[in-house]
Amino acid sequence: MEKFITKASEIIKERTASGEYKNQYCVLAQEDLDGCLTAAVITPSKSEGIRQLTFCSGTLSNWAKRAERDNRAAVCFSSEEYSITLRGKLEVLTDDASKRENWYSGLENHFSGADDPNYCVLRFTTEKYKLFVDWEETEGCL
């Protein structure tokens, strides 16, 4: 099982804002404000293996509003070669240290800088995972 987690962690790291892969996206799913499920593409800013991911957003965004209402979320990275699905909790961080640590150049189009009061970090912590890597599948809890 450890080899699956290691490989999935490498794939995720490549797809963060600081990674080498050109398509730095995943799907983040949450419960919408009206109680229906919703999913959209987002760029992860950083990762700590499959255990934790961060995303950058606005404090008034639907992402942040949904996380404050119901912190359950799911993240999915997929291609023809793999599928990494993570379920867990999402929290909104507005402290200066988290904002500076997760800032990347692509955010300049949306915020004035890491100290912008409308900028926040969404931290996802994995509780369960389902991994399809190297044509094998495993699932478990962290």
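In which strand is valine 41 found? Valine 41 belongs to strand β2, residues 37-42, where strands (E, at least two residues) and helices (H or I, at least four) are DSSP runs numbered from the N terminus. The model is a predicted one, in which local features need pLDDT of at least 70 and side-chain atom pairs count only at pLDDT 80 or more, while totals for chains, interfaces and linings use all residues. Residues are numbered from 1 along each chain as its sequence is written, and side-chain values use heavy atoms, with hydrogens and water left out.

Confidence comes next. The mean pLDDT (the predictor's confidence in each residue, from 0 to 100) is 94 for the chain, and 99% of its residues reach 70 or more. Helix α1 (residues 2-14) has the lowest confidence, with a mean of 93, and strand β6 (residues 82-93) the highest, at 98.

Turning to the interior, the largest nonpolar core has 27 residues, of which Phe55, Val75, Ile84 and Leu86 touch the most other members. Such a core is a set of buried Ala, Val, Leu, Ile, Met, Phe, Trp, Tyr and Cys residues joined through side-chain atoms within 4.5 Å; buried means under 20% relative accessible area, exposed over 50%, and partly exposed in between (1.4 Å probe, protein chains only). Strand β7 contributes the most to this core, with 6 residues. Apart from this core lies another, of 8 residues, including Leu93 and Tyr119.

Valine 41, by contrast, is exposed, with a relative accessible area of 54%.
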